Amino acid sequence: MVPVSIENIASSGSASQAHALADTIVPEEPGVKNQALSGPGSEPLRQPAVTRRTPRISLIVVLPENHVVSPDRLAQGLRAHGNGDIDVVVACAGQPANLSALQRSVGDAQFLLAPAGTSTEDLRELAMRQAPGDIVTLLSGALLPATAMDAELFMTS
Amino acid sequence: MPSPRPLSVIVPVRNGNATLARALTAILASELPRDDYELIVVDDASSDGSPELAARYADTVVRLTGRRAGPAYARNRGAELALGEVLVFVDADVMVRPETLPMMLKLLFDHAGLDAMSVSHDQAAAAQNLASQYWNLLVHYGEQTRAGTGGNVASPCAAIRRQVFLSAGMYDEWRFERAALEGIEFGRRLEDSGREVRSTRDLEITALKQWDVRSLCGEVWDRSVLLTRSLGYQRTHVAVPSEAVFTLSRAMAPAFAALCVVAFSAAVLPPANVPVKLAIVLVGAIALNFPAHRFFAKARGIPFAIAVAPLHLLMQAVSALGLCAGWVMRDAVGDREPDAATQAYAEVGVETWPPVPRTSGR
């Protein structure tokens, strides 16, 4: 399970760049066929209007370059929404340091890999376009700890 | 569970791409530690990508699908998710100042008896056209001259203790689908139950919305009709000193006098002197609305006060017609209610998302 990386895309902090990025980034969702995202002028990916009894919940984890989120924090974010089904979207700029740990903790998450240097705001907007939830919570990662030992603990604990 | 934060900021939005980014950026620039508040944006079935824009800034984005449900409904959905001890409702077309949120939080924490509060518009609307400047100043005038007690727990920025909000039954999402008077009804309901609601002139926000004459007429018409049809003008008047319609309708008697001036001038002047008649009317209208125009002149200068005089007169006329229409509709067809399908769903108690509007506000 190797998320698709996208090269040769200029990263930028501007909102408009998020549309350009969405044009080319391919999400990986384990067990689900890869799906190309819609173009910049099109509507965000949304489920068709279906009557539901309860809102669909999504959790977006935003990981800019050199940021990580510990599996513990991720689990805490999931627990905050109870035991119901939650769609998890992990949006990363570049290859996250603890990708394998994340995949172990949320195996059915959808991973979006944007080019290194993509801004936090662009990642959030990109992930929002992919998140199917009616209620979407956004969780930001923390800056990667400086020392190797701290980083190792952070990423695997 | 995440640890509760003292403050939850709730921003309802519908097709707010033009102003939403500035509104949310201003909230994030508050002199308040980021960990002390959560930012919840509730999108009311926008078609312009507002949820994606909101995701750039917010902690939680709620997407309401289907047809427009209104700001009252959107705020209620945000409040249901909020974890903060205090809820602050900020419109998507206003900019808070850096000190606004921390000061509101401090006032509520320092005054145990204070349950809810609202702030006022500042004098400088972001949009520079005449209609926007006029409307902003008019609202500012009403808020500043009659600040103090008086409940309007909604636009443009208001804070309330979460427990009080929930126990009072939240906003009335049953009747207030469009117009921005849900805060007036809710404030009155709070005061009727012995809660203290205060509007302050010391804390201000900047309006971002651009108005034109047509949208102003629509706004004044909607507010006026709703005031008399759903709230009852006399019962509301005392409780809501800052509502813009009251600023207009207070001068209805002078406006009537202005019409008398027109009639008088038509009687005594020859038909060819139309400009003279118009000048007399304009001077008469300014003279009869002297307090408001003195405020306009002081804030923007005499040319501005003269320029907005016809607009003020037009708004007064629209307001008068709207208030009358509201009374007629109240007697003829009754209060506003959702469509029959919504009422049927509510009566049966169908559980769905987004939820069927609730009647608990009444």
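Contacts in chain A reach far along the sequence: among those between residues at least 6 apart, 72% join residues at least 24 apart. The model is predicted. Of the 157 residues in chain A, 41% are buried. Chain A also touches chain B, with 20 residues of chain A in contact with 18 residues of chain B.

**Layout of chain A**

- Chain A holds five helices and six strands.
- Read from the N terminus, its elements follow the order α-β-β-α-β-α-β-α-β-β-α.

**Where chain A meets chain B**

- The contact joins 20 residues of chain A to 18 residues of chain B.
- Two elements of chain A, α4 (120-130) and β5 (135-140), each give two or more residues to the side that touches chain B.
- The largest share of that side, five residues, comes from α4(A).
- By class, the side of chain A that touches chain B has nine nonpolar, eight charged and three polar residues.
- Strand pairing also links the chains: three bridges join β5(A) to β3 (residues 60-64) of chain B.
- β5(A) and β3(B) run antiparallel.
- Ile135(A) has Val62(B) as its bridge partner in β3(B).

**Nonpolar cores**

- The largest nonpolar core has 109 residues.
- Residues from chain A and chain B appear among those with the most contacts inside this core: Ile60(A), Val61(A), Val90(A), Ala91(A), Val9(B), Ala23(B) and Val88(B).
- Beyond its neighbours within four places in sequence, Ala91(A) is in contact with Ile60(A), Val61(A), Val62(A) and Leu63(A), and with Leu112(A), Ala114(A), Leu123(A), Leu126(A) and Ala127(A).
- Apart from the largest core lies another, of 16 residues. Among them are Trp135(B), Val139(B), Ala292(B) and Phe295(B).

**Helix α1 of chain B**

- Helix α1(B) spans residues 20-28, and its residues Leu20(B), Ala23(B), Leu24(B), Ala26(B) and Ile27(B) are buried.
- These buried residues lie on the same side of α1(B), because they cover an arc of only 155° around the axis.
- An α-helix has 3.6 residues a turn, so residues three or four places apart point the same way.
- The buried residues of α1(B) pack against three strands named β1 (7-13), β2 (37-44) and β4 (86-90), along with α2 (50-55) and β5 (94-96), of chain B.
- One of the buried residues of α1(B) is Ala23(B), and Ala23(B) is also among the residues with the most contacts inside the largest nonpolar core.

Conventions. Residues numbered from 1 in each chain as written. Chains lettered and ligands numbered in written order. Predicted model: local features only at pLDDT ≥ 70, side-chain atom pairs only at ≥ 80, totals over all residues. Contact = placed C-beta atoms within 7 Å. Helix = DSSP H or I, 4+ residues; strand = E, 2+ residues; numbered from the N terminus. Nonpolar A, V, L, I, M, F, W, Y, C, P; charged D, E, K, R; others polar. Pairing = 2+ DSSP bridges. Buried ≥ 20, exposed ≤ 12 C-beta atoms within 10 Å, placed from the backbone. Arc of directions from axis to C-beta. Core = buried A, V, L, I, M, F, W, Y, C linked by C-beta atoms within 7 Å.
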